[in-house]
Amino acid sequence: FPVTILGAVTLDTQLVNNLIIPTGNVTFTFSNARASGSLTMFALIVQFGGTGYTITWPAFVRWPGGSVPTLSGANKIDLFAFFSRDGGTTWFGSQTVRGWSA
């Protein structure tokens, strides 16, 4: 089930995180990565309830092309995938789906 969030949120990288952002600002941090040399992967499902929201991603996330992806609009769902192979020092992120209907 999705969890409604606002503010600072720590994502457990051993879980699929299913979140609702009704409106406002969210800052993500990541925790619980496997040791360096092991692969850690997790999915993040974000549903946007309204307008006027922002997501601040950790600085250690690397995005395709070097640009943070554009988020979808109100009442839409985006799916993100992340992986790290160095114990969580660097994460590679991708917006795999943008704009599913909520």
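This report describes the strand pairing, the aromatic pairs and several individual residues of the structure above. The model is a predicted one.

## The sheet

Six strands make up an open sheet of mixed pairing, and their order across the sheet is β1-β3-β5-β8-β9-β7. At its edges stand β1 (3-4) and β7, each of which pairs on one side only.

Beginning at the β1 edge, the neighbour is β3 (residues 17-21), which runs parallel to β1 and is joined to it by two bridges. Within this pair, threonine 4 has isoleucine 20 in β3 as its bridge partner. Strand β3 is in turn joined to β5 by five bridges, again in parallel. Isoleucine 20 takes part here as well, with glutamine 47 of β5 as its bridge partner.

The next pair, β5 and β8, is antiparallel and extends over nine bridges. Phenylalanine 48 and lysine 76 of β8 are bridge partners. Strand β8 also pairs with β9, in the antiparallel sense and over eight bridges. One of the residues involved is phenylalanine 82, whose bridge partner in β9 is glycine 93. At the other edge of the sheet, β7 runs parallel to β9 (residues 91-101), and two bridges join them. Arginine 62 has phenylalanine 92 of β9 as its bridge partner.

The table collects the pairings in the order in which the strands follow one another.

| Strands | Direction | Bridges | A pair of bridge partners |
|---|---|---|---|
| β1 and β3 | parallel | two | threonine 4 and isoleucine 20 |
| β3 and β5 | parallel | five | isoleucine 20 and glutamine 47 |
| β5 and β8 | antiparallel | nine | phenylalanine 48 and lysine 76 |
| β8 and β9 | antiparallel | eight | phenylalanine 82 and glycine 93 |
| β9 and β7 | parallel | two | phenylalanine 92 and arginine 62 |

## The two faces of β5

In a regular strand, side chains alternate between the two faces of the sheet. In β5, one face is covered and carries Thr40, Phe42, Leu44, Val46 and Phe48, while the uncovered face carries Met41, Ala43, Ile45 and Gln47.

## Aromatic pairs

A pair of aromatic rings is described by the distance of the centres and the angle of the planes. The model contains 15 aromatic pairs. In one of them, the rings of phenylalanine 30 and phenylalanine 82 have centres 5.2 Å apart and planes at 65°; the pair is therefore edge-to-face. This pair links distant parts of the chain, since phenylalanine 30 belongs to strand β4 and phenylalanine 82 to strand β8, 52 residues apart. Phenylalanine 30 and phenylalanine 82 are both buried.

A further edge-to-face pair is formed by tryptophan 63 and phenylalanine 80, with ring centres 6.3 Å apart and planes at 70°. Tryptophan 63 lies in the loop between β7 and β8, whereas phenylalanine 80 is in strand β8, so the pair ties together parts 17 residues apart in sequence. With a relative accessibility of 10%, tryptophan 63 counts as buried. Phenylalanine 80 also counts as buried, at 0% relative accessibility.

These four residues belong to a cluster linked by ring pairs, which comprises Phe28, Phe30, Phe42, Trp57, Phe60, Trp63, Phe80, Phe82 and Trp91.

## Serine 72 and its contacts

The loop between β7 and β8 also holds serine 72. This residue is buried, with a relative accessible area of 4%. The side chains of serine 72 and aspartate 78 are joined by a polar contact of 2.6 Å. Apart from residues up to four places away in sequence, serine 72 touches Phe48, Tyr53, Ile77, Asp78, Arg98 and Gly99.

## Residues with positive phi

Asparagine 32 is not a glycine, yet its phi is positive, at about 75°. Asparagine 32 is located in the loop between β4 (24-31) and β5 (40-48). Its relative accessible area is 43%, and it is therefore partly exposed.

Asparagine 75, another residue other than glycine, has a positive phi near 60°. The position of asparagine 75 is in the loop between β7 (61-62) and β8 (76-84). A relative accessible area of 47% makes asparagine 75 partly exposed.

A positive phi also occurs at glycine 87, where the value is near 75°. Glycine 87 belongs to the hairpin of β8 and β9, which has six residues between the strands.

Note on methods. Residues numbered from 1 in each chain as written. Predicted model: local features only at pLDDT ≥ 70, side-chain atom pairs only at ≥ 80, totals over all residues. Heavy atoms only, no water. Helix = DSSP H or I, 4+ residues; strand = E, 2+ residues; numbered from the N terminus. Buried < 20%, exposed > 50% of the residue type's maximum accessible area, 1.4 Å probe, protein only. Pairing = 2+ DSSP bridges. Phe/Tyr/Trp six-rings, centres within 6.5 Å; stacked < 30°, edge-to-face > 60°. Polar contact = N/O pair within 3.5 Å; in protein donor to acceptor, adjacent residues only side chain to side chain. Contact = heavy atoms within 4.5 Å.
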